[in-house]
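Me: I would like to go through this structure by asking why each term is used, and I will set each answer against its definition.

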Amino acid sequence: MATESSLTLREKLTFIKSRVYCCKASLVRVHPESRRWVDVPLSCKTWGCAKCGPRLGRLWLRRIIAGNPERFMTLSCHTKRFLTPRDAALKMKAAFEVLVRRSRATFGVFEYTAVWELFKNGYPHLHILQKGTYLPQKWLSRQWDSLGVGYIVNIKKVHNTRQCSGYVAKYLLKGARRTSEALRPMRLVQVSRGYSTEVNTEAPMARDPGWKTVFIKAEFGEILDFLVVNMGSELTGENDDGSVEGRGPPDLSKVKATEPWQYKILELFKGDGDGESDH
Ligand SMILES: [Zn+2]
């Protein structure tokens with residue numbers, strides 16, 4: 001299989017467009033001075049979306065790893081204690097909050113990212129990526145049982161990033177859609193304040209001053225075609241938020257626009273568009 005870097009520009013473009021986007025609008029950002037551009041798809045960004053869900057999963061994978069978790073914990077429920085899977089999830093959520101408070105009071109630091117996953121029978125369990133003070137499994141199991149949920153609690157050490165990402169990928173990329181739909185409006189992923197999930201999802205260059213942004217109502221692929229094929233721009237990369245970036249051609253006089261939105265983009269490159277300036 002060809003790697004992404006060995007593809008021609010056309011192939012690359014087709015490849016990007018094949019990563020279906022659910023939206024029919026974008027924010028096009030242009031830096032007129034350097035002619036750099038970013039096409040930001042305004043997609044729904046929900047787990048339930050067949051198109052956005054996997055992208056969201058990959059993004060959360062990076063975020064969780066960025067937080068350097070030290071332990072994996074799995075908190076299960078004793079299904080007989082609950083009427084429905086939803087009832088179990090609500091009680092587990094409340095119990096987990098108490099468990100975190102008790103852990104902090106007894107052992108010290110407890111920071112986490114928690115992700116739900118449903119068993120085949122529809123009942124949930126909570127995966128916790130934890131960092132902080134060591135917690136004895138027996139203590140955890142006793143607490144979890146005393147909170148009325150169940151006594152099955154697993155905890156193990158995170159040895160390396162690869163092992164961690166494999167473990168997290170299992171439920172962030174596969175079952176996420178089904179889980180988020182079943183537990184809605186509960187959040188699929190919850191993060192404690194001290195667990196840093198900061199990853200840079202936008203191009204670093206977008207922080208430079210002088211960028212202008214316009215809202216464009218057109219298919220993401222059409223906008224890319226205009227920027228890359230019609231304008232003859234260079235394609236320089238894709239970001240985790242689904243945006244695509246590049247650099248416009250040195251000579252804009254040969255570019256032909258036909259649609260009103262294309263004129264809007266072209267004007268931005270020329271530095272006289274009505275786009276909003278970024279601060
Ligand atoms: Zn979507």
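Me: What makes Ser 26 part of a strand pairing, and which residue is its bridge partner in S2?
Reply: The bridge partner of Ser 26 in S2 is Pro 41. This is a predicted model, in which local features need pLDDT of at least 70 and side-chain atom pairs count only at pLDDT 80 or more, while totals for chains, interfaces and linings use all residues. Residues are numbered from 1 along each chain as its sequence is written.

Me: Why are S1 and S2 called paired?
Reply: Two strands pair if DSSP finds at least two bridges between them. Strand S1 (residues 26–31) and strand S2 (residues 36–41) have six bridges, in the antiparallel sense, so they count as paired.

Me: What makes a stretch a strand or a helix, and how many of each does the chain have?
Reply: Both are DSSP runs numbered from the N terminus, with H or I over at least four residues for a helix and E over at least two for a strand. By this rule the chain has eight helices and 11 strands.

Me: Which strands stand at the edges of the open sheet, and why?
Reply: The six strands of this sheet follow the order S9-S10-S2-S1-S8-S11, with antiparallel pairing. Strand S9 (234–238) and strand S11 (276–277) each have a single partner strand, so one side of each is left without a neighbour in the sheet.

Me: Why is strand S5 called mostly covered?
Reply: A residue is buried if 20 or more other C-beta atoms, placed from the backbone, lie within 10 Å of its own, exposed if 12 or fewer do, and partly exposed in between. In S5 (residues 124–132), seven of the nine residues are buried, whereas 30% of the 279 residues of the chain count as buried.

Me: Which strands pair with S5, and how do you know?
Reply: Strand S3 (residues 71–75) pairs with S5 over five bridges, and strand S4 (residues 110–118) pairs with S5 over nine, both in the antiparallel sense. Leu 75 has Leu 126 of S5 as its bridge partner, and Leu 118 stands opposite Pro 124 in S5. The hairpin of S4 and S5 has five residues between the strands, and there Gly 122 takes a positive phi near 90 degrees.

Me: Where do the domain bounds come from, and what separates the domain centres?
Reply: The bounds come from an automatic or database domain assignment, which gives domain 1 (9–45 + 201–277) and domain 2 (68–191). Taken over C-alpha atoms, their centres are separated by 41 Å.
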